[in-house]
Amino acid sequence: MLIKLLLHSLVCRYYMRSFYRPKIDLQGFWKFKIDSENVGEKNEWGKGLESEDIIYVPASWNEQNPQWDQFSSIAWYQKDLFVSSYESKKAWIVFEGAGYITKLWINGEYVGTHEGSFTQFKFPIKLNINEFNKIVVKIDNTPSPYNLPPAKDLNIAAFDFFNYGGIQRPVYIEFVDECHLEDITVYTKSNGHLKVEILPECNQKFSLRFKLVDKEGRVVLDEESSNEIYEKDVGNVTPWSPDNPYLYTLIVEIYVDKNLKDSVYERIGFRDVEVMNGRLYLNGRPIFLKGFGRHEDFPILGKFMYGAVLVRDFYLMRKIGANSFRTSHYPYSNEHLDLADEMGFLVILEPPLCYSNISRVMSQEEIARMFSDIKYFEKVKDTIKEMIKQHKNRPSVIAYSVMNEPPSDMREVAEFIKKEIEFLKTLDSSRPVTFASHRSVRDLALEYVDIISLNYYHGWYTEWGDIDSGVKIVAMELEEIHKKFPEKPIIITEFGADAIYGLHSDPPQMWSEEYQSEMIRKYIETLRKNSYIVGFHVWNFADFRTPQNPGRTILNRKGIFTRDRQPKLAAKVVEELFKNKLPS
Ligand SMILES: Cc1cc(=O)oc2cc(O[C@@H]3O[C@H](C(=O)O)[C@@H](O)[C@H](O)[C@H]3O)ccc12
């Protein structure tokens with residue numbers, strides 16, 4: 001146990017963007033070897049793999065070869081890399097996302113371990129110069145009830161998305177000086193107030209320089225300081241909002257004796273988020289969230305979202321009048337959220353804590369035990385810490401959803417959520433907190449959140465075939481919740497119905513495009529009358545792959561777009577509702 005802890009602590013959790021640091025991108029073809037029997041470590045595969053198999057990074061392994069499709073256990077990757085020189089700088093390898101468990105060897109030497117698929121991590125490494133270096137990575141994607149999120153096997157999971165595995169996001173080597181910037185935390189206000197907290201790693205006397213550059217490339221600010229907390233009223237800034245997602249580039253440099261040692265940057269926006277009198281405010285004005293629950297999911301790539309796919313998604317969302325999405329049910333990639341910053345989407349950021357079908361994975365007693373287990377809480381804290389470190393400076397992130405569909409009608413689970421929210425607020429108290437509940441009036445944790453988020457499927461999983469009865473029940477339950485918490489705004493974070501593209505029915509019947517459109521229309525038209533509702537997120541933006549079970553036809557078909565992003569009938573209906581029936 002002690003050894004495990006020590007190894008874990010070798011992982012550095014911070015990563016900064018930089019125009020300055022030299023980088024070797026490891027995107028490309030890697031050697032690949034399946035290790036179903038978990039014999040690789042015993043046979044010292046960390047020293048090098050014997051295999052003719054090839055895989056592409058970044059992308060999940062599953063769809064790159066039909067034989068690997070249902071494989072959810074251990075596989076190894078190897079890349080040989082000739083390094084000419086790196087001027088005696090420090091090197092580290094950054095994984096923007098891999099998993100579930102990643103172990104690394106460089107030139108046969110074990111380096112470290114990281115748990116979790118959806119947050120970035122880095123390991124300090126030593127490379128040989130003028131030689132080939134062997135980078136060997138072991139990925140263990142074996143499902144487990146104690147993984148985040150939990151699963152028993154590939155098809156019996158607490159979550160309704162396919163358990164893709166591998167090095168699924170970019171990976172690269174970066175070089176920095178011994179004296180460098182480990183982290184920066186940025187706070188802004190729409191009135192131009194800027195506060196930057198710096199975490200330098202430097203054992204010499206250093207000075208810092210702060211530059212703020214606007215969209216047109218004008219230098220708005222250029223100041224030196226030796227303080228690790230920098231505060232300034234920049235003055236007349238253009239605030240960030242969905243209508244005008246105005247970003248500034250903040251550059252922070254560290255100098256020793258006037259020599260530049262490191263330079264990092266963040267794309268920042270000046271904006272305020274507040275919950276007040278039962279409403280959600282952005283820059284002092286009420287804001288209404290119109291959008292989706294999404295997934296990172298695309299044919300062949302699996303959980304890697306290629307930039308061009310993201311661009312198409314964001315233009316489609318914009319075209320139909322959406323301004324928001326939730327990172328259901330895990331933190332999305334840097335590029336995904338970069339685009340949200342750039343294109344002005346309001347994001348609810350969610351960690352990989354999804355419990356929708358937890359009763360398929362464990363008994364009530366086991367659930368109660370897991371949520372009362374301090375070690376489990378520590379693991380959850382680690383993942384939340386990583387998520388916030390990675391995305392805290394984004395203007396697009398306006399709220400956190402601490403989990404999806406927990407069994408929060410259980411006392412132990414409600415207690416856990418309370419503690420989780422308290423912990424999260426010690427890391428970031430600047431954003432409102434919620435979680436996506438499917439326990440409705442029976443939920444015991446709604447009192448702990450700033451915004452109430454509710455997922456409803458009446459008219460689909462219950463009252464099937466009868467949308468009107470379904471919507472009526474939702475309306476009644478919402479009234480009851482609002483009476484109990486009149487000061488809390490409510491977002492409907494999930495509602496929708498499956499539709500098979502091209503399946504039509506008059507009158508609307510389940511699985512037809514008409515039924516899906518009707519259900520979304522009736523939910524929005526009925527519930528929008530309640531002034532305490534501050535947002536609708538349709539489930540889902542696009543069809544996505546799921547575990548196999550009798551309720552799914554390979555994909556979850558609740559997308560209003562197909563998996564390859566063609567519109568279903570509902571796309572037009574949602575466009576009309578978002579643009580003409582909901583506040584702008
Ligand atoms: C069986 C079931 C019943 C129900 O009432 O709700 C519900 C919700 C589930 O998960 C959530 O809904 C989406 C969906 O089913 O399409 C999922 O894709 C999403 O991840 C979940 O938040 C699953 C099953 C049921």
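**Exercise 1. Contacts of the ligand**

Which side chain has a polar atom 3.3 Å from an oxygen atom of the ligand? Determine further polar contacts of this kind, and describe the surroundings of the ligand.

*Solution.* The structure is a predicted model.

Step 1. The residue sought is Y457, whose polar side-chain atom lies 3.3 Å from a ligand oxygen. A polar contact requires a pair of N or O atoms within 3.5 Å, and the distance of 3.3 Å found for Y457 satisfies this limit.

Step 2. Two further side chains are examined in the same way. N404 places a polar side-chain atom 2.9 Å from an oxygen atom of the ligand. For W539, the corresponding distance to an oxygen atom of the ligand is 3.0 Å.

Step 3. The cover provided by the protein is then considered. The ligand exposes 500 Å² when taken alone, and the protein buries 82% of that area.

Step 4. The shell is described last. The ligand is surrounded by 15 residues, of which D160, H329, Y461, E494 and K558 are the closest. By character, the shell divides into four nonpolar, six polar and five charged residues.

**Exercise 2. Classifying two aromatic pairs**

Decide whether the pair F32 and Y77 is stacked or edge-to-face, and do likewise for F210 and Y230. Then locate each pair in the chain.

*Solution.* Step 1. The description of a pair of aromatic rings rests on the distance of the centres and the angle of the planes. There are 41 aromatic pairs in the structure.

Step 2. The ring centres of F32 and Y77 are 5.2 Å apart, with 80 degrees between the planes. An angle over 60 degrees counts as edge-to-face, and the pair F32 and Y77 is accordingly edge-to-face.

Step 3. F32 belongs to strand β2 (residues 28–34) and Y77 to strand β4 (residues 74–83); the two are 45 residues apart, and the pair links distant parts of the chain. Both F32 and Y77 are buried.

Step 4. For F210 and Y230, the centres lie 4.1 Å apart and the planes meet at 10 degrees, so this pair is stacked. Here the relevant limit is an angle under 30 degrees.

Step 5. This pair also joins distant parts of the chain: F210 is in strand β15 (residues 207–213), Y230 is in strand β17 (residues 229–233), and 20 residues separate them. F210 and Y230 are both buried.

**Exercise 3. A cluster, and charges over rings**

Which residues form one aromatic cluster, and which charged residue lies over the face of F162?

*Solution.* Step 1. One aromatic cluster is formed by F118, F159, F161, F314, F325, Y330, Y332 and F345.

Step 2. R545 lies over the face of F162, at 3.9 Å from the ring centre.

Step 3. A further example is K419, whose charged end sits over the ring of F377 at 4.3 Å from its centre.

**Exercise 4. Side-chain contacts of a loop residue**

Is D214 buried or exposed, and which backbone nitrogens does its side chain reach?

*Solution.* Step 1. D214 is located in the loop between β15 and β16 (219–225).

Step 2. The relative accessible area of D214 is 9%, and therefore D214 is buried, the limit being under 20%.

Step 3. The side chain of D214 reaches the backbone nitrogen of E216 at 3.0 Å. It also reaches the backbone nitrogen of R218, at 2.8 Å.

**Exercise 5. Backbone geometry in loops**

Where do N130 and E463 lie, and what are their phi values? Which peptide bonds, from V57 and from W539, are to be described?

*Solution.* Step 1. N130 is in the loop between β9 (121–125) and β10 (131–140). Its phi is near 60 degrees, a positive value in a residue other than glycine. N130 is exposed because its relative accessible area is 51%, and exposed means over 50%.

Step 2. E463 is in the loop between β28 (452–455) and α8 (467–484). Phi of E463 is near 50 degrees, again positive in a residue other than glycine. With a relative accessible area of 26%, E463 is partly exposed.

Step 3. The peptide bond from V57 to P58 is cis, with omega near 0 degrees; P58 lies in the loop between β3 and β4.

Step 4. The peptide bond from W539 to N540 is cis, with omega near 15 degrees. N540 is placed in the loop between β30 (533–539) and β31 (544–545).

Technical notes:
Residues are numbered from 1 along each chain as its sequence is written. This is a predicted model: local features need pLDDT of at least 70, side-chain atom pairs count only at pLDDT 80 or more; totals for chains, interfaces and linings use all residues. Side-chain values use heavy atoms; hydrogens and water are left out. Rings of Phe, Tyr and Trp (its six-membered ring) pair if their centres lie within 6.5 Å; planes under 30 degrees apart count as stacked, over 60 as edge-to-face and the rest as tilted. Helices (H or I, at least four residues) and strands (E, at least two) are DSSP runs, numbered from the N terminus. Buried means under 20% relative accessible area, exposed over 50%, partly exposed in between (1.4 Å probe, protein chains only). A charge sits over a ring if NZ of Lys or CZ of Arg is within 6 Å of the ring centre and within 35 degrees of the ring normal. A residue is near a molecule or strand if one of its heavy atoms lies within 4 Å of it. A polar contact is a pair of N or O atoms within 3.5 Å; within protein, one must be able to donate a hydrogen and the other to accept it, and residues adjacent in sequence count only if both atoms are side-chain atoms. Accessible areas come from the Shrake-Rupley method with a 1.4 Å probe; for residues, only the protein chains shown count as cover. Ala, Val, Leu, Ile, Met, Phe, Trp, Tyr, Cys and Pro count as nonpolar, Asp, Glu, Lys and Arg as charged, and the others, Gly among them, as polar.
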